[in-house]
Amino acid sequence: MLKNNLLTNFFIIMIVVFLTACNSESESTLSPGISVQTAKEMITQDKDIIVLDVRTAKEFARGHISGAVNINIHDPAFPQQVSTLARDKTYIIHCAVNPRGGRGDKSIDIMNKLGFSKLLSMNGGIYAWKRAGLHVKKP
């Protein structure tokens, strides 16, 4: 009896997780994901690319990609703040780990609605950048 209840609960949880995952991706306008190595190459080769870090100011202060612009997605003024950015630039957007449906994707959704079109999501966020041994600027 206990084994049957555990199996039933397991399957219910799996169904909920599956439906939640599908729902979050279907609502999001998924941008192409790029590796940290590709992001680094793009930043190095094209000085017009803007790295947009959508973490909190406290997270940003612990370490960020040199030259990154920090606009907190959790700030209610996020749409107004990103509206001041040039719409014709290419943006590499990241948060801490950049999961699908996370802060990076939410930022991309908002920016798409505001008319931005050159938006790339950096896979793995700042944690992947650090794990790759790439430079992180600290105050």
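This is a short tour of a predicted model, with suggestions for what to select at each stop.

**Stop 1: the sheet**

Start by showing the strands. You should find an open sheet of 5 strands, paired in parallel and ordered β1-β5-β4-β2-β3. Select residues 33–34 for β1 and 69–70 for β3: these are the edge strands, and each of them pairs on one side only. If you would like a reminder of what holds such an arrangement together, strands of a sheet pair through backbone hydrogen bonds, either parallel or antiparallel.

**Stop 2: where β1 meets its partner**

Keep β1 selected and add residues 119–122, which form strand β5. The two strands run parallel and are joined by 2 bridges. Now pick out Ile34 and look across to β5, where Met122 stands opposite.

**Stop 3: a loop residue with an unusual backbone**

Next, select β4 (91–94) and α5 (103–113), then move to the loop between them to find Asn98. Most residues other than glycine have a negative phi. Asn98 is not a glycine, yet its phi is positive, at about 55°. Is Asn98 buried or exposed? Its relative accessible area is 9%, so Asn98 counts as buried, the cut-off being under 20%.

**Stop 4: a positive patch on the surface**

Finally, switch on the surface and select Lys58, Arg62, Lys130 and Lys138, which together form a positive patch. To place one of these residues, show helix α3 (residues 57–61), where Lys58 lies. Lys58 counts as exposed because its relative accessibility is 64%, and the cut-off for exposed is over 50%.

Note on methods
Residues are numbered from 1 along each chain as its sequence is written. This is a predicted model: local features need pLDDT of at least 70, side-chain atom pairs count only at pLDDT 80 or more; totals for chains, interfaces and linings use all residues. Side-chain values use heavy atoms; hydrogens and water are left out. Patches are made of residues with over 30% relative accessible area and no salt bridge: like charges are joined within 9 Å, nonpolar side chains (Val, Leu, Ile, Met, Phe, Trp, Tyr) within 5 Å. Accessible areas come from the Shrake-Rupley method with a 1.4 Å probe; for residues, only the protein chains shown count as cover. A salt bridge is a side-chain nitrogen of Lys or Arg within 4 Å of a carboxyl oxygen of Asp or Glu. Lys and Arg count as positive and Asp and Glu as negative; His and the chain ends are not counted. The place of a charge is taken as NZ of Lys, CZ of Arg, CG of Asp or CD of Glu. Helices (H or I, at least four residues) and strands (E, at least two) are DSSP runs, numbered from the N terminus. Buried means under 20% relative accessible area, exposed over 50%, partly exposed in between (1.4 Å probe, protein chains only). Two strands pair if DSSP finds at least two bridges between them.
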